[in-house]
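Q: Could you walk me through this model before I start looking at it in detail?

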Amino acid sequence: MVLLSGLAIWQSFAMLKWPQTWLSLIEFAPYAMIFVAAFISIWLNRMQPLLILLSLLALHTLFTLFNLSEPTSIGQTLMLALLSFLLPLNLLLWLLLPERGVQHLGYNFFIAGLVGAQALTVYWLMTELPLAWVEWLTLPVMAGQQIYHLSFAASLMFLLAGFVISLQLYLQNSLRVFTHVCLFAVLLSAFAINQSMQPGLLAWVLTLVAFMVLLALIFDAHHIAYTDELTGLRGRRALMESFMGLGKRYSLAMVDIDHFKQFNDTYGHDIGDKVLKMVAQTLDTVQGGKAYRYGGEEFTLLFPRKTPEQVLPELDRLRLAVAHQVVTIDNKDKKSKKAPKTVNVHISMGVAEPDGQHQTPQQVMKFADEGLYRAKRTGRNRVVVSKAKAAAKTSKAKTAKSKA
Ligand SMILES: Nc1nc2c(ncn2[C@@H]2O[C@H](COP(=O)(O)OP(=O)(O)OP(=O)(O)O)[C@@H](O)[C@H]2O)c(=O)[nH]1
């Protein structure tokens with residue numbers, strides 16, 4: 001995003017030397033890019049990016065239609081001030097409103113109502129020209145200067161949008177690519193509208209912003225496909241893909257939470273989810289390998305170029321780390337003065353490597369599962385290495401018994 005923004009600003013200076021044909025062609029580029037990004041947005045059922053793209057489309061179309069790059073009448077000046085005020089307001093609005101997908105009929109009516117109210121306000125202001133509003137909306141930041149063309153009201157709205165989006169970025173700890181794009185969209189569109197008298201610049205910047213939205217959609221789709229929603233860990237699809245790049249030597253461990261059904265039944269599904277997140281976070285600290293959520297309460301650890309003997313100390317460290325973590329069960333009775341109860345859980349692991357009988361990663365995974373099964377059978381809270389012929393080695397648990 002930073003690179004694309006740098007490119008946008010750097011080219012805005014170089015554009016002064018662009019041949020006329022390029023400048024005429026660039027006027028069509030936002031339509032093409034917005035069309036492609038909007039199509040993907042609808043396809044992925046994402047309303048927020050679609051609304052942002054439509055806002056960019058409306059800005060570009062109205063700019064071209066009313067020739068706002070060179071305003072000569074009061075009407076054009078007011079229209080320019082109104083659009084530059086409404087764009088950051090809309091970008092902010094579309095980001096803050098919840099994502100409900102493109103097929104939610106009631107929500108679509110609500111959005112249409114918001115857009116319609118804005119269109120009516122613009123129409124009323126343009127036809128009635130109430131003096132107080134016109135003055136407030138077109139008031140310049142510094143009268144008579146050549147560099148700053150945005151009105152005072154529009155500058156304030158851009159600042160407010162930039163501030164709120166930055167705050168959201170700071171507070172958000174989930175996927176943030178789209179929020180970053182919104183921030184860059186605000187910054188770049190402020191720059192482009194301020195410099196819109198330069199031929200082709202607004203179209204060029206809007207094309208790049210639409211391209212950023214497209215990139216965010218692709219990043220998001222990739223994230224959704226490869227990440228487990230509950231734990232934030234890589235999911236099973238990511239594990240299957242990592243098999244493709246594996247060499248001949250690697251170790252694979254299957255991890256399972258002990259007595260998790262009983263835990264769920266005793267404390268409820270929400271606390272069960274809390275435990276899954278805690279285990280995932282701990283497993284994600286793995287050194288020399290990667291952690292994946294295989295499904296349910298099962299995880300997989302993959303160690304390229306390592307033998308089970310080499311990874312055994314790390315697996316034991318993770319096992320102990322999970323056993324020492326405490327999970328707090330909040331009191332259902334909020335008024336109760338009793339201290340919240342704490343519990344802990346254990347994990348069992350089976351680890352294997354490829355050998356003559358187990359050559360594909362799927363076969364190694366099954367083999368590791370056999371080790372896991374043995375770990376469960378022989379008392380749980382331990383790591384078992386699956387060995388083809390020799391008896392399996394076990395690392396006996398030394399941790400305290402689960403209080404769960
Ligand atoms: N809270 C929660 N529970 C889950 C999730 N996925 C699977 N489970 C539960 O995990 C439990 C798995 O239990 P089992 O496979 O019977 O095994 P276990 O109770 O862990 O017993 P052992 O493996 O023999 O120690 C079931 O109760 C599932 O409902 C999830 O995403 N959240």
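A: What follows goes through confidence, the cores, the ligand shell and a few single residues of this predicted model.

Q: Fine, what is the average pLDDT of the protein chain?
A: The protein chain averages a pLDDT of 88, and 92% of the residues score at least 70. For the model as a whole, the scores are ipTM 0.95 and pTM 0.76.

Q: And where is the pLDDT below 50?
A: It falls below 50 over residues 396-404, a stretch that nevertheless has 18 contacts in the model beyond near neighbours in sequence. Where pLDDT is low, the predicted coordinates should not be read in detail.

Q: OK, on to packing: which residues touch the most other members of the largest nonpolar core?
A: That core has 59 residues, and the ones touching the most other members are Leu91, Ala185, Val205, Val209, Ala210 and Val213. Helices H3 (29-43), H4 (47-65), H5 (74-96), H8 (152-171), H9 (177-194) and H10 (201-226) each supply at least two of its residues, and the largest share, 14 residues, comes from H10.

Q: What is Ala185 in contact with, leaving aside its neighbours within four places in sequence?
A: With that restriction, Ala185 is in contact with Ile52, Leu91, Val209 and Met212. Of these contacts, Leu91 and Val209 are also listed among the residues that touch the most other members of the core.

Q: What lies apart from that core?
A: Another core, made up of 38 residues, lies apart from it, and its members include Tyr250, Val255, Ala352 and Phe367.

Q: Switching to the ligand, how many residues surround it, and which are the closest?
A: There are 17 residues around the ligand, the closest being Asp258, Phe260, Lys261, Gly272 and Gly296. Strand S1 (250-257), helix H12 (260-267) and helix H13 (269-283) are the elements that give two or more residues to this shell.

Q: What is the make-up of that shell by class?
A: By class, the shell around the ligand consists of 7 charged, 6 polar and 4 nonpolar residues.

Q: Where does UniProt place the feature "transmembrane region"?
A: The UniProt record, which is an unreviewed entry, places it at residues 24-43, 50-68, 74-97, 109-126, 146-170, 177-195 and 201-219. In the model, residues 109-126 are 100% helix and 0% strand, with their end C-alpha atoms 25 Å apart, while residues 177-195 are 95% helix and 0% strand, with their end C-alpha atoms 27 Å apart.

Q: Now some single residues: where is Tyr148, and why does it count as exposed?
A: Tyr148 is in the loop between helix H7 (131-138) and H8, and it counts as exposed because 12 other C-beta atoms lie within 10 Å, the cut-off for that class being 12 or fewer. Leaving aside its neighbours within four places in sequence, Tyr148 is in contact with Val141, Met142 and Asn194. The C-alpha atoms of Tyr148 and Pro71 are separated by 15 Å, and the two residues are 77 residues apart along the chain.

Q: What about the loop between H8 and H9?
A: Arg176 has its place in that loop, and Arg176 is partly exposed, with 15 other C-beta atoms within 10 Å. Between the C-alpha atoms of Arg176 and Ile347, which are 171 residues apart along the chain, the separation is 32 Å.

Q: What is the phi of Asn45, and what is the phi of Asn381?
A: Phi of Asn45 is near 60° and phi of Asn381 is near 50°, in each case a positive value in a residue other than glycine. For context, most residues other than glycine have a negative phi.

Q: Are those two buried or exposed?
A: Asn45, in the loop between H3 and H4, counts as partly exposed because it has 13 C-beta neighbours inside 10 Å. Asn381, in the loop between helix H15 (361-377) and strand S7 (383-385), is buried, with 23 other C-beta atoms within 10 Å.

Q: Last one: where is Gln168, and how is it placed relative to Thr179?
A: Gln168 is in helix H8 and is partly exposed, with 16 other C-beta atoms within 10 Å. Its C-alpha atom is separated by 7.9 Å from that of Thr179, the two being 11 residues apart along the chain.

How values were computed: Residues are numbered from 1 along each chain as its sequence is written. This is a predicted model: local features need pLDDT of at least 70, side-chain atom pairs count only at pLDDT 80 or more; totals for chains, interfaces and linings use all residues. A nonpolar core is a set of buried Ala, Val, Leu, Ile, Met, Phe, Trp, Tyr and Cys residues joined through C-beta atoms within 7 Å. A residue is buried if 20 or more other C-beta atoms lie within 10 Å of its own, exposed if 12 or fewer, and partly exposed in between; C-beta atoms are placed from the backbone. Helices (H or I, at least four residues) and strands (E, at least two) are DSSP runs, numbered from the N terminus. Two residues are in contact if their C-beta atoms, placed from the backbone, lie within 7 Å. A residue is near a molecule or strand if its C-beta atom, placed from the backbone, lies within 6 Å of it. Ala, Val, Leu, Ile, Met, Phe, Trp, Tyr, Cys and Pro count as nonpolar, Asp, Glu, Lys and Arg as charged, and the others, Gly among them, as polar. UniProt positions are given in the numbering used here, feature names are shortened, and annotations may be inferred rather than shown by experiment. pLDDT is the predictor's confidence in each residue, from 0 to 100.
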